[in-house]
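Let's walk through this model together, starting from its core and working outward to the helices around it.

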Amino acid sequence: MFRKVSFTFLLALLFVAVATAAFAAEGTAAGTSDSVKTFIALAAGFGIAIASFGGALGQGRAIAAGLEGIARNPSAQPKIFIPMIVGLALIESLVIYSLVIAFILVGKM
Amino acid sequence: MADTGAPRGSDGASVLTSRSLERKILVSAGVVLAGIAIVGEYRMLPGAACGAAIAYGNFFLIRKILGKAFSVEGGIRKGFVVQYVLKFLALVAAVYLVVRSGRFDVLGFLLGLSSLFFGVLLEGLSSAVETK
């Protein structure tokens with residue numbers, strides 16, 4: 001399973017690298033600003049994609065662990081619940097950071 | 001989800017409560033704003049205040065929504081997913097408006113948004129000192 005996922009990821013990465021090179025070559029022909037815009041768009045897209053992927057993974061793990069703990073020991077709910085909320089808020093804030101950076105990058109296009 | 005506000009658990013160790021954490025977030029937001037004012041970067045103040053308000057509001061709404069969802073005995077209240085998604089969309093819209101409007105300094109906004117992290121750090125440090 002992990003092999004398949006990593007293979008697919010590497011394939012996607014290779015595809016993007018090839019596409020980037022192609023876009024860069026086109027940009028050189030048309031002018032520098034076009035290639036810069038391409039890289040800005042790529043950076044914004046990849047940045048928010050990686051951030052949301054990591055954030056979703058982290059939030060999913062946090063909620064799963066918290067709910068499992070509460071289900072196993074319901075009396076421990078107050079001790080588990082607040083740190084879980086804090087963790088969710090922190091993860092969400094990190095994703096919002098990258099969203100802000102992505103907005104800034106898109107604004108530069 | 002009853003928040004008793006009790007600072008200590010049965011084992012004597014300090015317990016993290018949402019109310020004290022919210023207080024710490026507000027304190028850290030005040031410290032961030034005061035720091036910016038002391039440095040003299042007044043143009044960053046509105047952005048920082050906006051970021052701090054968004055960070056505090058986000059934490060407050062997460063606590064409210066999840067607190068209501070888990071308040072039902074032996075189950076989870078329906079509809080909390082919708083509320084959570086709506087909150088997230090509102091958060092994204094607010095961030096979009098703040099960043100793209102150009103009226104707020106983005107660095108100040110990020111500093112204000114960081115008051116959540118500073119609040120958590122403050123809470124952790126204060127609880128560590130209390131435990132000792």
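**A core shared by two chains**

The largest nonpolar core has 39 residues, and those with the most contacts inside it are A:Ile85, A:Ala89, B:Ala48, B:Ala55, B:Ile62 and B:Leu116. Here a nonpolar core is a set of buried Ala, Val, Leu, Ile, Met, Phe, Trp, Tyr and Cys residues joined through C-beta atoms within 7 Å; buried means that 20 or more other C-beta atoms, placed from the backbone, lie within 10 Å of a residue's own. At least two residues of this core come from each of α3 of chain A and α1, α2, α3, α4 and α5 of chain B. The helices are DSSP runs of H or I with at least four residues, numbered from the N terminus. With 12 residues, α3(A) gives the most to the core.

A word on what you are looking at: this is a predicted model, in which local features need pLDDT of at least 70 and side-chain atom pairs count only at pLDDT 80 or more, while totals for chains, interfaces and linings use all residues. Residues are numbered from 1 along each chain as its sequence is written, and chains are lettered from A and ligands numbered from 1 in the order in which they are written.

Chain A itself has three helices and zero strands. Of its 109 residues, 15% are buried.

Now to the meeting of the chains. In all, 26 residues of chain B are in contact with 18 residues of chain A, contact meaning C-beta atoms, placed from the backbone, within 7 Å. The side of chain B that touches chain A divides into 21 nonpolar, three polar and two charged residues. In this count Ala, Val, Leu, Ile, Met, Phe, Trp, Tyr, Cys and Pro are nonpolar, Asp, Glu, Lys and Arg charged, and the others, Gly among them, polar.

Zoom in on A:Ala89: leaving aside residues up to four places away in sequence, A:Ala89 touches B:Asn58, B:Phe59, B:Ile62 and B:Leu116. Its helix, α3 (residues 77-107) of chain A, has an axis that comes within 10 Å of that of α5(B), and the two cross at roughly 145°. Such axes are lines fitted to C-alpha atoms, for helices over the stretch in contact, with angles from 0 to 180 degrees between N-to-C directions. A:Val86, A:Ala89, A:Leu90 and A:Ser93 make this contact with B:Leu116, B:Phe117 and B:Val120.

Within chain B, α2(B) and α3(B) pack at about 175° with axes 10 Å apart. That angle makes α2(B) roughly antiparallel to α3(B), a label for angles over 145 degrees.

Note on methods
Two residues are in contact if their C-beta atoms, placed from the backbone, lie within 7 Å. Angles under 35 degrees count as roughly parallel, over 145 as roughly antiparallel, 65 to 115 as roughly perpendicular and the rest as oblique. A residue is buried if 20 or more other C-beta atoms lie within 10 Å of its own, exposed if 12 or fewer, and partly exposed in between; C-beta atoms are placed from the backbone.
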